[in-house]
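Colleague: Before I take any of these labels to the bench, I would like to hear the reasoning behind each of them. Could we go through the structure together?

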Amino acid sequence: MNRLANETSPYLLQHRENPVNWWPWGEEALAQARSENKPILLSVGYAACHWCHVMAHESFEDPATAEVMNELFVNIKVDREERPDIDFIYMSALHALGEQGGWPLTMFLTPHGEPFWGGTYFPKQSRFGRPAFVTVLREIARLVAEEPARVEHNRRAIAAALGAEPETGPVFGRETLEQLAEKLARAIDPVNGGLPGAPKFPNPPLLELVWRHAARTGRKEDRRAFILTLERMARGGIHDHLGGGFARYAVDERWLVPHFEKMLYDNAQLLELYALAARDTGDPLFAGAAAGIVDWLAREMTLPGGGFAASLDADSDGEEGRFYVWSAEEIEAVLGPDAPLFSRHYDVSAGGNWEGKVILNRLSGIPATADEERQLAGLRDRLLRRRAARTPPGRDDKILADWNGLMIAALARAALLLHRPQWLAPAEGAYRFIAESMQRNGRFGHSWRDGRLLFPGMASDHAAMVRAALALYEATGKIGYRDDAQAWTELVERHYLTDDGILAMSDSEADDIILRPKPTHDDAVPNANGMHAENLLRLAALSGEPADQLKADRFLDQLLAHAARAPLAHATALNALDFRLSGAAIAVVGTGADDLLTAARDVPYPNRTVVDLSGSDAASYPGMAAGVSPTAGRSAAFVCSGGTCSLPVTDPNRLTEMLQDLRGDKKGPV
C-alpha cells in the first residue's frame, strides 16, 4: 500500500502511484518497522532534483524492484525541503561513513530509525562501478539477517559520530576576519570568478563577505573579485537571459552549462548581491539581472495569497533543460532577419554549445551599442513568448517560511538600493501570507501547501522571518515589523536555543527524530545561527539598550567558537561579525525627516540599521531615544557606532557625506 496520496509535498505526490509501499515519515511508519522487525529504507529527495527523477523512473516505478523493496524493507520517502532536519541527520550519517553526500539520499536504518549504511543514487543495472539497486537491497537484507554484529558495529560508530560535540576554538575578531576575507578574495578565479574549478556554485554569503571586506578596506582587488563573479554569472548560461532568474549552479567552470533547476533561495540571495553590484557600479548588466529575478518571481513563482513557490524543476518532457535550450534553426524561425544580431551576441551557432543545442549566454562579451541593446531586449521578448508555448518544468508550489523570508528581505533591500519602491508590494504581500497562514500561537510552521501546514517549523523559519521583518521595517519605518521581529526572536530563543548557547534546527518539542541537530555552518540556505546573530545585532542597534547588545555579543561569541574550525563554511556568521565591527545605526528623529531618512536608507544594507524616530513611535525606543533628540524642534540624524553617536546632522547632503564610508563611495573604479 502506497500511503503518499494524502501528502501535500509535490515531491511526495510524484511518488504516490509507485508500486513501492511508501510511507511518509512519522511515528506510524516507525511503529510499522518495529512491529515487523524490518529495516527501513529511507529515500530523501526533492521535486527539482534530476537524479531523484532518474532513480524514480528506473527503480521506484519498476514493479520488480518495488517487489523486492516491499518484501525486505519498510520504505519511507522524505522531501528534504519539508524536513531539512531529517535530511541533515541522515546526510550527516552518510558523511560519517566516509561517503560524499548528494540527492537522492538512500539510507538504511534499524527499525528504530538508527542509520547503519547508505549511499545516494543507485542505478537499476550495475554500471560504472556502482552496484545494481536490487543487489544492494538484497545484500543489506542479508547482512541484517545473517551478520547483525556488522550492522550493530556500523550503527554504534555512526551514532557516536552524530552525537559527538563539534570542536570549538577561540573566538576571533577583526584581525582574523581581515585575514579570512583576504584569503577568500585571493581564491576567487581571476578569469571566471567564483571559486576555482567545476562545478561552480554562486555561494552568496561568501560573495557578501568579499563585498564587505572591499567596502571596509577600499581594496580594489577584492571589489574586482566580487564584481567579476557577478558579471560572469550574469553573462553565463546559469542566468536565464529570457525569463530572468538563475539556475542552481553550473556544471562547468565558465558558468555556461547550468543544472537547470531554479530555487527560490538562490535567487533571493542573488537579488541582494546584484542590487549591491548595481548600486556599486551603475552597470545596467547588474540592474537588469536583479530586475529579471523580480520579473521571474512575479511571472512564475508568486502564488494566490502572495507567497512564493519553492522551485522549478530541471526537467520537462522527460529531459533536463529542454525548456530552456534552443537550436539555431528555431531562433531563425522566430526572429527572421534579426536572428544574426541575436546569434552574434548570444552564442548561437548551428552546432550549438552544449550537446548539439544552444544555451543562451553572453560570455563572449561582444559589445553592443545602446540601439542594439534596445533591439536585443525586443528579440528576447519574442523568444520568451515562443518559449512559453513549450511544456514548462514542474513547479514545486509548497511555500516554505524560511525561503520566503529570504526573498522578502531581498525584495525590501533591493527596492531601496535600486530605487524600486514597487518591489515592496510583493515583499509585504508574501510577509502577510506567512504571518497570517503559517503561524500557530506565534510560532511558524515550515511548509504550507493546499491549506495544510507542516508544524512546528525550524529555527531557520523564525530566523529568516525575523530578518524579513527587520528589512521591511528599515525600508518602510512601519513599527509593526519591528515588533514582529522582537516577538519572533523571543520565540526562537524559547524553542530552539540549546544549553550550549546555539540554536538547534528542530523545535524543542520535536519527537519524531533520533536527535536534534545543531549545525552552525551554511548550506545552500544561510544557517539559522548566523541569521540569528545578525538579527540580534540589528535589534540591539534599534533599541540602543546595553543589555540587548550584551546578549547579541554573547551569542555571536558562542557561534564564532563553533565557526573557528572551518570559518569559511560559516560565512553568514562572519558577515554578522563584520556588521558588529563595522556597521552603524543611523537614527533619524523629529518630524519632516523624509530627506534624512532617504539618505540613511541609501546606505547599502550590510553596513547600516536605520532607526526611524521621526514619528509618534519614538517612545518605543527608549534606549536609543535617550541619546538622540531633535535640535531646536528640527529633524536631525545621528550616526551611532561603537557605543557613541555623532552630533546631530540636519542637512541631508551633509549626512550623505558623513555616510560615504558606509556607502562604499570611496572605493574608486574597479
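Modeller: Please keep in mind that this is a predicted model. I would begin with β4 and β5, which form a hairpin with five residues between them, and in that turn Gly113 has a positive phi of about 85°.

Colleague: What makes β4 and β5 a pair of strands?

Modeller: Strand β4, residues 105-109, and β5 are joined in the antiparallel sense over four bridges, and since two strands pair if there are at least two bridges between them, they count as paired. One of the contacts links Leu109 to its bridge partner in β5, Pro115. Strand β5 itself, residues 115-119, is mostly covered, with four of its five residues buried.

Colleague: Why is the aromatic pair of Trp51 and Tyr121 called tilted?

Modeller: The ring centres of Trp51 and Tyr121 are 5.1 Å apart and the planes stand at 55°; the centres have to lie within 6.5 Å, and planes that are neither under 30 degrees nor over 60 count as tilted, so the label follows. The pair links distant parts of the chain, as Trp51 is in helix α3 (residues 50-60) and Tyr121 in the loop between β5 and α6, 70 residues apart.

Colleague: Why is Tyr121 counted as buried, and what is Trp51, buried or partly exposed?

Modeller: Tyr121 has a relative accessibility of 9%, and buried means under 20%, so Tyr121 qualifies. Trp51, at 42%, is partly exposed, because that value falls between the 20% and 50% limits.

Colleague: What makes the pair of Phe433 and Trp448 edge-to-face?

Modeller: Their planes are at 90°, with 5.0 Å centre to centre, and an angle over 60 degrees counts as edge-to-face. Phe433 lies in helix α17 and Trp448 in strand β16, so the pair ties together parts that are 15 residues apart in sequence. Phe433 is also buried, because its relative accessible area is 7%, against the limit of 20%.

Colleague: How do you know that the charged end of Arg538 sits over the ring of Phe579?

Modeller: The charged end is 4.3 Å from the ring centre of Phe579, and the limit is within 6 Å, together with a condition on the angle to the ring normal. Arg80 likewise lies over the face of Trp103, at 3.9 Å from the ring centre.

Colleague: Why are β19 and β21 called edge strands?

Modeller: The open sheet runs in the order β19-β18-β20-β21, with mixed pairing, and β19 and β21 each pair on one side only. Strand β18 meets β19 in the parallel sense over six bridges, and Ile586 has Val610 as its bridge partner in β19.

Terms used: Residues numbered from 1 in each chain as written. Predicted model: local features only at pLDDT ≥ 70, side-chain atom pairs only at ≥ 80, totals over all residues. Heavy atoms only, no water. Buried < 20%, exposed > 50% of the residue type's maximum accessible area, 1.4 Å probe, protein only. Helix = DSSP H or I, 4+ residues; strand = E, 2+ residues; numbered from the N terminus. Phe/Tyr/Trp six-rings, centres within 6.5 Å; stacked < 30°, edge-to-face > 60°. Lys NZ or Arg CZ within 6 Å of the ring centre and 35° of its normal.
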